[in-house]
Amino acid sequence: MSRRALLVALLLVVAGCGFRLRGTAEVPFQTLYLPNATTGIALDLKRNVQAGTNAKVVDDAAKADAVLQFTEDARLKEVLSLTGTGKVREFQLRYRVGFRVHDGKGNDFVPQSTIQLTRDVTFNDTEILAKEQEEQLLFRDMQTDMVQQILRRLAAAKRPKPAAQ
């Protein structure tokens with residue numbers, strides 16, 4: 001089979017399964033202000049909003065149609081189980097982010113919301129450095145998942161109705 005025929009067959013299979021590229025998400029605002037978007041989840045979210053939505057991120061809240069405000073950002077580590085000798089066997093990593101998206105006038109695009117992700121990690125005290133690196137990688141992966149979930153909530157948001165006077 002020629003390369004061209006193989007490529008056409010592959011495209012037909014992919015098209016038939018419903019696969020399509022993610023593209024850009026439509027959000028109900030043109031500009032978004034993210035305070036302190038210089039590190040962590042705020043910086044990741046800023047990059048993803050600029051690359052994956054129809055909105056622009058601005059540096060001044062007064063020029064923004066919407067303001068995304070983080071109310072909580074917590075990374076927790078909890079012991080799940082112990083060995084018979086009292087040493088830690090498993091941890092649970094939790095990443096919780098609270099946020100709200102509003103128009104600056106008291107109307108919410110996305111009301112106060114909290115998203116929590118968890119991962120279970122086995123622990124072996126003979127591999128301490130490797131387990132610390134694994135923990136850092138898992139938190140980084142959880143942050144990427146968190147950004148994608150926030151983007152989906154932004155895409156599902158509706159323009160707030162002005163308050164009746």
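Let me start with one residue. Thr31 counts as buried, because its relative accessibility is 15% and the cut-off for buried is under 20%. Keep in mind that this is a predicted model.

Where does Thr31 sit? In strand E1. What does its side chain reach? The backbone oxygen of Lys63, at 3.3 Å. Now the surroundings. Leave aside the neighbours within four places in sequence. Thr31 is then in contact with Lys56, Val58, Lys63, Ala64, Asp65 and Ala66.

Step back to the sheet. It is open and has five strands. The order is E2-E1-E3-E4-E5, and the pairing is mixed. Which strands are at the edges? Strand E2, residues 56-58, and strand E5, residues 108-122. Each of these pairs on one side only. On average, neighbouring strands of this sheet are turned by 30° against each other, with direction ignored.

Next, the pair E4 and E5. Strand E4 covers residues 88-102. E4 and E5 run antiparallel, paired over twelve bridges. To pick a position to look at, take Gln92: its bridge partner in E5 is Asp120.

Helix H3 comes in here. H3 spans residues 128-156 and packs on the sheet. The helix touches E3, E4 and E5. Its direction makes about 155° with that of E5.

Last, helix H2, residues 40-52. Which strands does H2 lie across? Strand E1 (31-33), E2, strand E3 (66-82) and E4. H2 runs at about 125° to E3.

That brings us back to E1, the strand that holds Thr31.

Note on methods: Residues are numbered from 1 along each chain as its sequence is written. This is a predicted model: local features need pLDDT of at least 70, side-chain atom pairs count only at pLDDT 80 or more; totals for chains, interfaces and linings use all residues. Side-chain values use heavy atoms; hydrogens and water are left out. Two strands pair if DSSP finds at least two bridges between them. Helices (H or I, at least four residues) and strands (E, at least two) are DSSP runs, numbered from the N terminus. Axes are lines fitted to C-alpha atoms, for helices over the stretch in contact, and angles run from 0 to 180 degrees between N-to-C directions. Contact means heavy atoms within 4.5 Å. Buried means under 20% relative accessible area, exposed over 50%, partly exposed in between (1.4 Å probe, protein chains only). A polar contact is a pair of N or O atoms within 3.5 Å; within protein, one must be able to donate a hydrogen and the other to accept it, and residues adjacent in sequence count only if both atoms are side-chain atoms.
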